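Here are a few exercises to work through with the model open in your viewer. Try each one before you read the solution.

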Amino acid sequence: MSNMGAGFRPATTDDWMALRAEVLELFTPGAPIDEVTLFAGRQSQIQKLRDTLVSKGRHAVVFGEKGVGKTSIVSIFHLGVTRTSRVHRIYVQCSKRDEYKDIWIKAFKRIKFIIDGNEIFGDLVNSNPQSPDDVEMVLSYFGQNDIPVIIFDEFDRVVSEDAKALMSETIKHLSNAPIPGIIILVGVAGSVPQLISHHHSISRTLVQVEMPRMTVDELRELVTSRLQRTPLKISDDALWRITHLASGLPFYAHALGQAAALVAVEGKTLNITESTVEKAIPRCFADLDQSLIDAYVKATVETRKGNIFKQVLAACALAEQDDLGRFAAADVETTLTEIMGREMKAPAFSFHLNDLCTSERGLILEKTGTRSHFRFRFREPMMQPFVIIKSLSTEVIDLDQLQRFGPSRQRSLGI
Ligand SMILES: Nc1ncnc2c1ncn2[C@@H]1O[C@H](COP(=O)(O)OP(=O)(O)OP(=O)(O)O)[C@@H](O)[C@H]1O
Ligand SMILES: [Mg+2]
């Protein structure tokens, strides 16, 4: 990646085009990070993963909501560590129908050993790993100075209970075996037991790396570290807007940061202000999954003139939430009263909340708990910031309301 630096002053059309290309390359709303200098924050999580490289018999599990940066962290944590040459990163994506054997064959396909000048690549592909011992035998080909780091991404997609139980056993087995090798399981989950079975028996050997949403400071770093590689400048207000709208999800910081930078560049200015961000908002919708946009339309469609689904949904997105993103009808009262400009008590909108949990309204919310203590949450984490951004751009809410109720806190997942 080129680095034009803060000193670059675009003068010609070609210069502006080069700056535009740089912005498109630096912000990556659609792809995981693979360069350590472009990865913002997450110091404690990186350290935990790096520690597994030097401590014997340790493996790791990385878990968190969709889109928080799990694939990115497992792609970069080993880079820049001294003696990384010994680390062999083997990356596997799991899928729904995978059994234990399929998962390990995918890993073995990605390993190539040269022993006495002979490649033994093919043998591994044709191997038939059925047990932890079979895996140990293959990994024993690595020298004592090598560290194979085998990453099983999207492990939560694996349905087979057998596969999950055998994987737990493998982790236990390998931590007692005299061979190198680290297994990292990655998945969307609220807790580790959701990801693997028989978790209790391996808790001592399994380092738990929880990925909460990113803090406002981490998101600031994400945006500013990219802009610093260009001559573009961003005002504090503009940065505030981007980092608060992102609600801790790095995707939105990339999408909004990139769109704002492109609006500036196309207007041939090097300054990103709050009004630049405002102009950029409709543009960042283009990077979003269409299903998200469709679900919002379905949830807020006017079946009767003047219905208040848009306002209720906006009030939910701004409502105070617990660590798992859940809120009660009572939490929505405050924000909805503010949005409607008149007192709104739960009985006036409980019908709307329940309706938003049905397929007619796109299953946008889900309901948990018991009758005396119902809680709601957005089924898809990416939806909450979208609702806020959309509500702001369609004037269902205003900036002042965002500032007073907005999602500035960091959520932890709570195991
Ligand atoms: N620490 C970070 N610094 C900068 N950008 C990040 C960081 N973490 C994640 N991103 C960006 O956030 C987006 C989501 O990241 P990633 O794909 O790693 O998340 P994930 O948790 O694996 O998502 P999924 O659950 O959908 O697999 C990507 O655009 C990525 O570039
Ligand atoms: Mg991922």
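**Exercise 1.** How many helices and how many strands are there in the protein? Then work out how its overall dimensions compare with the globule rule.

*Solution.* Keep in mind that this is a predicted model. Start with the count: the protein has 18 helices and 11 strands. Next, take the radius of gyration, which is 24 Å, and set it against the 22 Å that the globule rule gives for 415 residues; the two are close, so the protein is as compact as a globular protein of that length. Along the principal axes, the C-alpha atoms fill a box of roughly 75 × 65 × 30 Å. Finally, look at packing: 40% of the 415 residues count as buried. Of the contacts with a separation of 6 or more, 74% are between residues 24 or more positions apart.

**Exercise 2.** Find the domains, then describe the side of domain 2 that touches domain 3.

*Solution.* First, the division: domain 1 covers 42–211, domain 2 covers 215–287 and domain 3 covers 292–405. The centres of domain 2 and domain 3 are 26 Å apart, taken over C-alpha atoms. Their contact takes 10 residues from domain 2 and 9 residues from domain 3. On the domain 2 side, the elements giving two or more residues are α10, α11 and α12. By class, that side has 8 nonpolar and 2 polar residues, with no charged ones.

**Exercise 3.** Work out how α10 and α12 pack against each other.

*Solution.* Begin with geometry: the axes of α10 (residues 236–245) and α12 (residues 274–284) come within 7 Å and cross at roughly 35°. Now list who meets whom: α10 brings D237, A238, R241 and I242, while α12 brings E274, T276 and V277. Sorted by class, this contact holds 3 nonpolar, 1 polar and 3 charged residues. One general point helps when you look at such a list: an α-helix has 3.6 residues a turn, so residues three or four places apart point the same way.

**Exercise 4.** Why does ligand 1 lie between domain 1 and domain 2?

*Solution.* Start from the shell of 21 residues around ligand 1, where G69, K70, T71, S72 and P250 come nearest. Two elements give two or more residues to this shell, α3 (70–76) and α11 (250–266). Now bring in the domains: both domain 1 (42–211) and domain 2 (215–287) give residues to the shell, so ligand 1 lies between them. To finish, sort the shell by class: 11 nonpolar, 7 polar and 3 charged.

Notes
Residues are numbered from 1 along each chain as its sequence is written. Chains are lettered from A and ligands numbered from 1 in the order in which they are written. This is a predicted model: local features need pLDDT of at least 70, side-chain atom pairs count only at pLDDT 80 or more; totals for chains, interfaces and linings use all residues. A residue is near a molecule or strand if its C-beta atom, placed from the backbone, lies within 6 Å of it. Helices (H or I, at least four residues) and strands (E, at least two) are DSSP runs, numbered from the N terminus. Ala, Val, Leu, Ile, Met, Phe, Trp, Tyr, Cys and Pro count as nonpolar, Asp, Glu, Lys and Arg as charged, and the others, Gly among them, as polar. Domain bounds come from an automatic or database domain assignment. Axes are lines fitted to C-alpha atoms, for helices over the stretch in contact, and angles run from 0 to 180 degrees between N-to-C directions. Two residues are in contact if their C-beta atoms, placed from the backbone, lie within 7 Å. The radius of gyration is taken over C-alpha atoms; the globule rule is 2.2 Å times the number of residues to the power 0.38. A residue is buried if 20 or more other C-beta atoms lie within 10 Å of its own, exposed if 12 or fewer, and partly exposed in between; C-beta atoms are placed from the backbone.
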